[in-house]
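The paragraphs below lead through one protein structure, starting from an internal space and ending at a strand. Please keep the sequence and the model side by side while reading.

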Amino acid sequence: MRSVVVIGGGIVGLAVARSLVSRGLSVTVLEKEDRWGAHQTGHNSNVVHAGLYYKPGSLKARMSVAGNHSMVEYAQANDVPVQVCGKLVVATSTDELPALRVLAERAEANGVPAKLITPEEAREYEPEVAAVAALRVESTGIIDFPAVCAAIVRELSAAGADLRLDTPALAIRAGLGGGVEVATGDAVIRADALVNCAGLHSDRVAQMAGLTPRARIVPFRGEYYELRPERASLVRGLIYPVPDPTLPFLGVHLTRMLDGSVHAGPNAVLALRREGYRWRDVSLADLVDTARYPGTWRLARKYAYPVGLDEVRRSLSKTRFAASLARLVPAVTADDLVRSGAGVRAQALLPDGSLVDDFLIETARDQVHVLNAPSPAATSALEIGNHIANQVLENA
């Protein structure tokens with residue numbers, strides 16, 4: 001094998017390209033936008049996750065724990081801003097204590113440095129927090145993931161990789177003598193192998209390449225607020241709720257960013273477009289795609305009421321959003337919040353309505369498709385890159 005084409009220029013696609021180049025392969029990266037990391041990478045919370053939430057032995061667990069170390073080391077070696085500040089996962093009622101203990105056990109099983117602490121100890125870290133108990137996680141950090149992308153792009157450019165912005169993949173077919181051919185707007189790129197890291201469009205790229213993926217992407221928008229600068233002192237670090245174990249989302253939380261601002265969120269509402277960062281961002285084609293998929297309706301039957309309805313209400317009401325945050329930090333009020341950005345999570349959904357919980361990677365001849373890589377994919381990007389590069393070589 002001599003050449004690989006990577007579709008998708010987010011942090012995962014770039015990390016895959018980096019790993020392939022390091023093994024002596026010729027790599028072309030295609031990104032349909034005019035900048036790298038334009039979607040999930042550039043719209044996330046910039047948290048380096050520790051790996052405590054994920055099922056022991058899963059790809060997410062293994063790659064997040066390893067990625068926590070490799071991402072911090074990469075940032076430090078490449079002058080990317082990063083800070084390992086730790087975080088609190090807070091139980092605000094006795095009803096949440098069993099789930100908090102399970103989380104502590106999972107952290108231990110995954111090799112994550114974490115310990116259960118008392119309310120008094122929690123207030124030593126976060127004086128304004130409300131807690132009946134908390135889990136202190138030392139290895140969680142904050143970082144600038146777009147800056148990580150920029151550093152990887154510099155590496156790839158120096159290594160001679162072919163990096164193409166404003167270049168969507170429009171058609172894919174098998175090459176006559178093996179390999180793949182990818183048509184863009186003005187060229188046909190021939191390569192020995194294809195890696196699909198297209199994020200929100202990964203299922204469509206897989207279908208374009210001739211696969212029938214096991215899951216389909218359903219986009220969920222996560223909206224953020226931030227605390228007014230004069231109220232940012234309410235939060236020193238990262239404060240998370242105890243998550244609902246039946247959902248892949250971590251709940252609204254408070255995160256002090258590298259610049260000292262404090263972001264609050266995200267919620268989780270169905271996006272009306274694959275790249276729908278606002279309620280008014282609507283795509284009829286995307287809505288039809290979502291509505292025609294049987295898994296969508298099975299998911300709706302499970303979660304539309306009350307979970308989905310509550311998320312929509314919180315999206316439309318700053319007062320409700322503030323009330324969710326006030327469970328963690330009672331001093332937070334609606335007047336303290338200012339609208340910030342939003343992100344869209346590419347969540348893979350199975351036909352039975354189940355949300356894919358782990359990273360999902362499917363292969364075909366001369367092809368590797370990353371079909372589910374939401375959080376903690378940015379944390380795990382360098383590990384995913386190595387894993388995918390191995391699969392490319394094994395699949396050759």
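The lining of the largest cavity comprises three nonpolar, two polar and four charged residues, where Ala, Val, Leu, Ile, Met, Phe, Trp, Tyr, Cys and Pro count as nonpolar, Asp, Glu, Lys and Arg as charged, and the others, Gly among them, as polar. This is a predicted model, in which local features need pLDDT of at least 70, side-chain atom pairs count only at pLDDT 80 or more, and totals for chains, interfaces and linings use all residues. Residues are numbered from 1 along each chain as its sequence is written, and side-chain values use heavy atoms, with hydrogens and water left out.

The residues around the largest cavity are Asp 203, Arg 216, Ile 217, Val 218, Arg 274, Asp 289, Thr 290, Tyr 293 and Thr 296. On a 1 Å grid over the protein atoms alone, a cavity is a set of points where a 1.4 Å probe fits but cannot get out, a pocket is an open set with protein on both sides within 12 Å along at least five of seven lines, and lining residues have an atom within 4 Å of a point. The volume of the largest cavity is about 40 Å³; a volume is the space filled by probe spheres set on the points, with grid points joined across faces, edges and corners. Strand β14 (216-227) and helix α7 (284-292) each supply at least two residues of this lining, and β14 has the largest share, with three residues. Helices (H or I, at least four residues) and strands (E, at least two) are DSSP runs, numbered from the N terminus.

In the whole structure, the search finds two cavities of 30 Å³ or more. The second largest holds about 30 Å³ of space and is lined by Ala 50, Val 65, Asn 68, His 69, Gly 111, Val 112, Pro 113 and Ser 139. Four of these residues are nonpolar, four are polar and none is charged.

Two residues of that lining, Ala 50 and Asn 68, also touch Thr 140. Contact means heavy atoms within 4.5 Å. Thr 140 sits in the loop between β7 (133-137) and β8. Is Thr 140 buried or exposed? Thr 140 counts as buried because its relative accessibility is 1%, given that buried means under 20% relative accessible area, exposed over 50% and partly exposed in between (1.4 Å probe, protein chains only).

The loop leads into an open sheet of three antiparallel strands in the order β3-β8-β4, where two strands pair if DSSP finds at least two bridges between them. At the edges are β3 (47-48) and β4 (82-84), each pairing on one side only. Three bridges join β4 to β8 (residues 141-143), and Gly 141 is the bridge partner of Val 84. Helix α2 (residues 59-77) lies across β3, β4 and β8, at about 135° to β4; axes are lines fitted to C-alpha atoms, for helices over the stretch in contact, and angles run from 0 to 180 degrees between N-to-C directions.

The last stop is Leu 194, in strand β13 (residues 193-196). With 0% relative accessibility, Leu 194 counts as buried. Beyond its neighbours within four places in sequence, Leu 194 has contacts that include Val 5, Ile 7, Ile 172 and His 369.
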